[in-house]
Amino acid sequence: MEPLFQVLWRQTGCHRPSLGHADAQKPQDFIAALADLQKRCNVSTLRLSGYGVRPEDFGKIADNAIDTMGGLFRVDPRPLLREDIIAIIAESDQ
């Protein structure tokens, strides 16, 4: 299955010079531009745990996302299971 960032690259045009990378040539350039943006906005080191969120809360967060934004999950080009969402939340807290 095609990685999500490659889908974003192809379908959204997010790689365009508006991200500040006029020389973008490949999907990974989108990820690099996003990381640069996070650093410039001083959010690259934020973690859920810094706000008191514990790993045992990840399931509740995933359930809330599915319940409140389920329509977005249904149209995502890469289907996500609850376990996938929990894994993404856990990885983002590393």
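These legends go with a set of close-up views of a predicted model.

Local features here need pLDDT of at least 70, side-chain atom pairs count only at pLDDT 80 or more, and totals for chains, interfaces and linings use all residues. Residues are numbered from 1 along each chain as its sequence is written, and side-chain values use heavy atoms, with hydrogens and water left out.

**View 1. The whole chain is built from four helices and zero strands.**
Reading from the N terminus, the order is α-α-α-α. Helices (H or I, at least four residues) and strands (E, at least two) are DSSP runs, numbered from the N terminus. Of the 94 residues, 18% count as buried; that word means under 20% relative accessible area, while exposed means over 50% and partly exposed covers what is in between (1.4 Å probe, protein chains only). Among contacts with a separation of 6 or more, 40% link residues 24 or more positions apart, a contact being heavy atoms within 4.5 Å. About 6900 Å² of the chain is exposed, and carbon and sulfur atoms supply 57% of that. These areas come from the Shrake-Rupley method with a 1.4 Å probe, and for residues only the protein chains shown count as cover.

**View 2. V43, L46 and Y51 make a nonpolar surface patch.**
The patch comes to about 310 Å². Patch members have over 30% relative accessible area and no salt bridge; nonpolar side chains (Val, Leu, Ile, Met, Phe, Trp, Tyr) are joined within 5 Å, and like charges within 9 Å. Look for V43 in the loop between α2 (27-40) and α3 (58-75). V43 is partly exposed, at 36% relative accessibility.

**View 3. The largest pocket holds about 340 Å³ of space.**
Its lining is I31, L34, A35, Q38, R47, I88, E91, S92 and Q94. Helix α2 gives the most, with four residues, and both α2 and α4 (82-92) supply at least two each. On a 1 Å grid over the protein atoms alone, a pocket is an open set of points where a 1.4 Å probe fits, with protein on both sides within 12 Å along at least five of seven lines; lining residues have an atom within 4 Å of a point. Points are joined across faces, edges and corners, and the volume is the space filled by probe spheres set on them.

**View 4. F73 sits in helix α3.**
Leaving aside residues up to four places away in sequence, F73 touches A65, I66, L80 and I85. F73 is partly exposed, with a relative accessible area of 25%.

**View 5. A salt bridge joins D63 and R82.**
This view shows one of three salt bridges in the structure; the term means a side-chain nitrogen of Lys or Arg within 4 Å of a carboxyl oxygen of Asp or Glu. The closest N and O atoms of D63 and R82 are 2.5 Å apart. D63 lies in helix α3 and R82 in helix α4, so the pair ties together parts 19 residues apart in sequence. Both are partly exposed: D63 has a relative accessible area of 29%, and R82 comes in at 34%.

**View 6. R54, E56 and D57 form one network through salt bridges that share partners.**
R54 meets E56 at 3.3 Å, N to O, and pairs with D57 at 3.2 Å between the closest N and O atoms. How buried or exposed is each of the three? E56 is exposed at 52%, R54 is partly exposed at 43%, and D57 is buried at 15%.
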